[in-house]
Amino acid sequence: MRQDGEKMKNLLTWEQTLFRDSEIFESGMSAEQFLYREAQMKSIGYAIAPGIEGKQPQNIVCVVPGSGKTTSFKKIIDQAEQISPSNLILAYINCRYTQTHYSVLAEIYKKMTGIELRLQE
C-alpha cells in the first residue's frame, strides 16, 4: 500500500504539468478559436456601437468569473478599432492589476494621449 502512495506522489514532479501548453492560461493569451460566446460579444458590440457612430456608448460591467469576458472584450475592441472614427478611443483596463481610481484614470489618460502618468513622491 505504501508503494502505491509513493508512486502516485511521484507522478508529477515540479517540471511536469497536466496541460500540453500551460501558457494558454496566461492573462495575455487570446484564443485563436473563440466558440460559444456570440451572445456575449453581441451584447458588448451593442453597448459600444453608439460610440462608433459618434454618440455616447454604454458602460459595461462584467463580473462572472471564467466566462470568457476578457477574450470577448479584446476581440470586440480589436474589431471596433478597425472601423471606429479617430475620436473614439477604446481602452481595456484589467482592474486585477489596475486597482486604484488614480491608476484606472492614468491608464485611460495613457490610452488617450500616449503619455504615462507617474505618482510624484
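**Close-up views of a four-helix protein**

**View 1. S72 sits in helix α3**. This is a predicted model, so keep that in mind for every view here. S72 shows a relative accessible area of just 1%, and since anything under 20% counts as buried, S72 is buried. Who does S72 touch? Setting aside neighbours within four places in sequence, the contacts of S72 are F34, R37, Q40, M41 and I44.

**View 2. The largest nonpolar core brings together 10 residues**. Its members are F34, M41, I44, I48, F73, I76, I77, A80, L88 and L90. Helices α2 (38-52) and α3 each put in at least two of them. Which helix gives the largest share of this core? That's α3, with four residues. Two of the core names, M41 and I44, may ring a bell: both are also on the contact list of S72.

**View 3. A80 is one of the residues of that core**. Leave out residues up to four places away in sequence, and A80 touches I48, I52 and L90. Of these partners, I48 and L90 are also listed in the core.

**View 4. T98 lies in the loop between α3 (69-83) and α4 (101-113)**. Is T98 buried or exposed? Its relative accessibility comes to 11%, and the cut-off for buried is under 20%, so T98 counts as buried. Not counting residues up to four places away in sequence, T98 touches I93, S103, V104 and E107. Three names on that list, S103, V104 and E107, fall within the α4 range of 101-113.

**View 5. Helix α4 and the glycine just after it**. Helix α4 is built from 13 residues. From its first C-alpha to its last, α4 reaches 18 Å, close to the 18 Å expected at 1.5 Å a residue. Just past the end of α4 comes G114, where phi is positive, at about 80°.

**View 6. Stepping back to the whole protein, the elements run α-α-α-α from the N terminus on**. That makes four helices and zero strands. Of the 121 residues, 15% are buried; S72 is among the buried ones, and T98 is too. The protein exposes about 10700 Å², with carbon and sulfur atoms supplying 53% of that area. How much of the contact list is long-range in sequence? Among contacts with a separation of 6 or more, 45% join residues 24 or more positions apart.

Notes
Residues are numbered from 1 along each chain as its sequence is written. This is a predicted model: local features need pLDDT of at least 70, side-chain atom pairs count only at pLDDT 80 or more; totals for chains, interfaces and linings use all residues. Side-chain values use heavy atoms; hydrogens and water are left out. Helices (H or I, at least four residues) and strands (E, at least two) are DSSP runs, numbered from the N terminus. Buried means under 20% relative accessible area, exposed over 50%, partly exposed in between (1.4 Å probe, protein chains only). Contact means heavy atoms within 4.5 Å. A nonpolar core is a set of buried Ala, Val, Leu, Ile, Met, Phe, Trp, Tyr and Cys residues joined through side-chain atoms within 4.5 Å. The expected span of a helix is 1.5 Å times one less than its number of residues. Accessible areas come from the Shrake-Rupley method with a 1.4 Å probe; for residues, only the protein chains shown count as cover.
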